[in-house]
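User: Can you walk me through this structure? I'll ask as I go.

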There are 2 protein chains.
Amino acid sequence: MSERRLLIMLPGPTNVPDRVTRAMVKPMIGHRGPEFHELHKRIIENLKYVFQTRNDVYVLTSSGTGGVMCAVGNLVAPGDKVIVPTYGVFSERMRDKVKRRGGKVIEIPVEWGRAPTAAQIEDALRKEKDVKVVAIVYNETSTGVTVRELPEISKVVKEYGALLIADAISILGGDDLPVDKWNVDVCITGSQKCLACPPGLAIVSVSEEAWEAVERNPCRPYYFDLMEIRRFYEEKVETPFTPAVPLFFALDEALQIIREEGLEKRFKRHATCAAAFYRAFEALGLSIYPKEEKNFSNTVLAVNLPEGVEDGALRGTMKERYGILIAGGMGKLKGYIFRIGCMGIISESETLTTISALENTLKDLNYPVKLGAGLEAAKEVFRS
Amino acid sequence: MSERRLLIMLPGPTNVPDRVTRAMVKPMIGHRGPEFHELHKRIIENLKYVFQTRNDVYVLTSSGTGGVMCAVGNLVAPGDKVIVPTYGVFSERMRDKVKRRGGKVIEIPVEWGRAPTAAQIEDALRKEKDVKVVAIVYNETSTGVTVRELPEISKVVKEYGALLIADAISILGGDDLPVDKWNVDVCITGSQKCLACPPGLAIVSVSEEAWEAVERNPCRPYYFDLMEIRRFYEEKVETPFTPAVPLFFALDEALQIIREEGLEKRFKRHATCAAAFYRAFEALGLSIYPKEEKNFSNTVLAVNLPEGVEDGALRGTMKERYGILIAGGMGKLKGYIFRIGCMGIISESETLTTISALENTLKDLNYPVKLGAGLEAAKEVFRS
């Protein structure tokens, strides 16, 4: 395997700072001893800062999908009604997870590239009685759409006495998501996105109202049982099952980096880089996949492939000639869009490097582009 | 946190060779690209060697418990009959997992410290019609018992047309378990035991007969769905959800170390070290928890706490004064036994160091012990 270091501009995994990578080589520790307890406690406290919450927060040894299954499996009992708006691959996966769980899905199909609105959710809540959960993918990684009405959606959900699950896997830590202020009952993220940590951990927060539902749920999942996870944390600051200790070391370091920077600066940095990307795309004559600017994501940028430019050629050239990994489209968007992750360590440097490579790649592929136009537009954003 | 390096003689996690630890700091790669495919393919091929199987083998981003849930969730549909002999904490957990899954458990309670026999399993199979699965914890980590009749149990299980699940988490790679020869339908292990890798990955093998059951199962778990896991592997050498890439790097290196040594030598090394430990315990007047010598485990050694020696004092002194981590008892054995992991990199050096520390600890705690007696008995084993 080549160990050439690529610039990872994927929507996860993302570039991992050396400090975080090096944390993984600490000597192994037992997960039932004081060294782990101290590490675990500090991680949870720092995660509460990142989630902007006083709710309970837990780390799971699984991918982000495992975290979503934890939320669904603990809140939803077979037969429970769950509203799931669908507007991309991950919201459709949310729907499928609820179905697989035995929940009764009330699907709100939304045109891909758009976000569900509070009015749509309210409409569904008015029509259906006894909806238990509304499950929203806050940042649809497949379409580059952020559901900007999440606070309004949350208000409606609460008015109808339902619970709100927010899959924030590809956004938390990179854009504002104040869990308590917005009343998110279960919020989920993954280690390998905006936290700039390697993949392998999921993180979930659980509100008091969510706990009531969990406690009443007669059939919680075994591996992801929140009651057991809470019991082990409260009694011993441990996890019920063996945790992925090196990834805990990494997460600990990644969270310390976030605290050093501060959330506000971090969100601003992501927003500025995203704005620079969007301005550059515009200057290069590329069109953005999401339909409305207000829902443009600051962490996953989805761009329509220009006519005559083939997906594999674009990504292949970016990688082989310029050393930058970007993503293609997922599901029905494969071959129609490309996606850039704007996450974690993203700064002016990675942004300009990527834009420059993109310009050159388009030129290499004979797409008419004025070299430097995108770069200039992006620089303008960083200057202002 | 102290970064003092302890000798880890726990029944998992175990000491990780530097080569394996260092593998984790390789530059991050995307999990949908050729670098990951190459890595993934090599891991699976080497795992087939370690499992001694031509069956399909998969790596899951979860603890070993997640691997067991994968086996149970894919093979057992609600209402299916499952025989589970119970003789310790982990076999009781197996029973609970099957129950939680909705399976109908036929429990065979066995005295702790003993192993279930083929005759007991046959008896249960004769009495109950249509048993779908027999689930055995091959090495009961809580009692130090290895189910030596597993090949005979397998024969009986096959005669009755049932499927065999073997939880081999704390033994595979440290003692013989030829999956194909013994007809184990689903065999599970974890990364952090005899493979000498950090924790965070589970590994499962799936036989053809098991596949038939999986394919007929109408309600497989979402995160651990073997059909999806197979589809992603066969179509793209990928995993359905984001894998814990640094742990894959580590597992790759750990498996290469195993291939370099060879399974036969590796099993012999574990067996010799275990024999040295058992002879040393005997020479020190300590009694072994398992009742029958034939079931003494070569990877987890469970020893009765001698009268007057308190659990916390024993383990505390071993750790603080001699830098060695050993484990206490689990569940109802807490305070009655201590346990030593004999796994992974275990060699004469770690064995003698641990025995020496144990002798000195016992002396420090005023337990009458002839210093050097255990060490001498152990050395005798290594000499022969």
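Analyst: Here is a tour of this predicted model, from chain A as a whole down to single residues.

User: How many helices and strands are there in chain A?

Analyst: Chain A has 13 helices and 14 strands. Its radius of gyration is 21 Å, close to the 21 Å that the globule rule gives for 384 residues, so chain A is as compact as a globular protein of that length. Along the principal axes, its C-alpha atoms fill a box of roughly 60 × 55 × 40 Å.

User: What percentage of chain A is buried?

Analyst: Of the 384 residues in chain A, 56% are buried. As for contacts with a separation of 6 or more, 73% are between residues 24 or more positions apart.

User: Which domains is chain A divided into?

Analyst: Domain 1 covers 7-11 + 262-383, and domain 2 covers 18-260. Taken over C-alpha atoms, the centres of these two domains of chain A are 28 Å apart.

User: And how many residues does each domain put into the contact?

Analyst: Domain 1 of chain A gives 25 residues and domain 2 of chain A gives 23 residues. On the domain 1 side, helix 10 (263-283) and strand 11 (300-304) of chain A each give two or more residues. Helix 10 of chain A has the largest share there, with four residues. By class, that side has 13 nonpolar, seven polar and five charged residues.

User: Stay with helix 10 of chain A. At what angle does it cross helix 13 of chain A?

Analyst: Roughly 150°, with the axes of helix 10 and helix 13 (residues 373-383) of chain A coming within 7 Å. The crossing is right-handed.

User: Which residues in helix 10 of chain A meet helix 13 of chain A?

Analyst: Among them are A:T272, A:F277, A:R279 and A:E282 from helix 10 of chain A. Their partners in helix 13 of chain A include A:L375, A:E376, A:V381 and A:F382. The residues of this helix contact divide into eleven nonpolar, two polar and four charged.

User: New topic. Is A:E359 buried or exposed?

Analyst: A:E359 is buried, because 21 other C-beta atoms lie within 10 Å. The residue sits in helix 12 (residues 348-364) of chain A.

User: What is A:E359 in contact with?

Analyst: Leaving aside neighbours within four places in sequence, A:E359 is in contact with A:L284, A:V369, A:L371, A:G374 and A:L375. A:E359 and A:L371 are twelve residues apart in sequence, and 6.1 Å apart C-alpha to C-alpha.

User: Now the two chains. How many residues of chain A are in contact with chain B?

Analyst: 46 residues of chain A are in contact with 46 residues of chain B. Helix 3 of chain A gives the most to the chain A side, with four residues. That side has 22 nonpolar, 16 polar and eight charged residues.

User: What about backbone oddities? Where is a cis peptide bond?

Analyst: Most peptide bonds are trans. A cis bond joins A:G12 and A:P13, with omega about -5°. A:P13 is in the loop between strand 1 (7-8) and helix 1 of chain A. In chain B, a cis bond joins B:G12 and B:P13, with omega also about -5°.

User: Which phi does B:D130 have?

Analyst: B:D130 has a positive phi of about 55°, although it is not a glycine. B:D130 lies in the loop between helix 5 (118-127) and strand 5 (131-137) of chain B. With 10 C-beta neighbours inside 10 Å, B:D130 counts as exposed.

User: And B:N183?

Analyst: B:N183 has a positive phi of about 55° and is not a glycine. B:N183 counts as partly exposed, with 17 C-beta neighbours inside 10 Å.

Methods: Residues numbered from 1 in each chain as written. Chains lettered and ligands numbered in written order. Predicted model: local features only at pLDDT ≥ 70, side-chain atom pairs only at ≥ 80, totals over all residues. Contact = placed C-beta atoms within 7 Å. Nonpolar A, V, L, I, M, F, W, Y, C, P; charged D, E, K, R; others polar. Domains from an automatic or database assignment. Axes fitted to C-alpha atoms, helices over the stretch in contact; angles between N-to-C directions. Left-handed = near helix turned anticlockwise from the far one by under 90°. Rg over C-alpha atoms; globule rule 2.2 N^0.38 Å. Buried ≥ 20, exposed ≤ 12 C-beta atoms within 10 Å, placed from the backbone.
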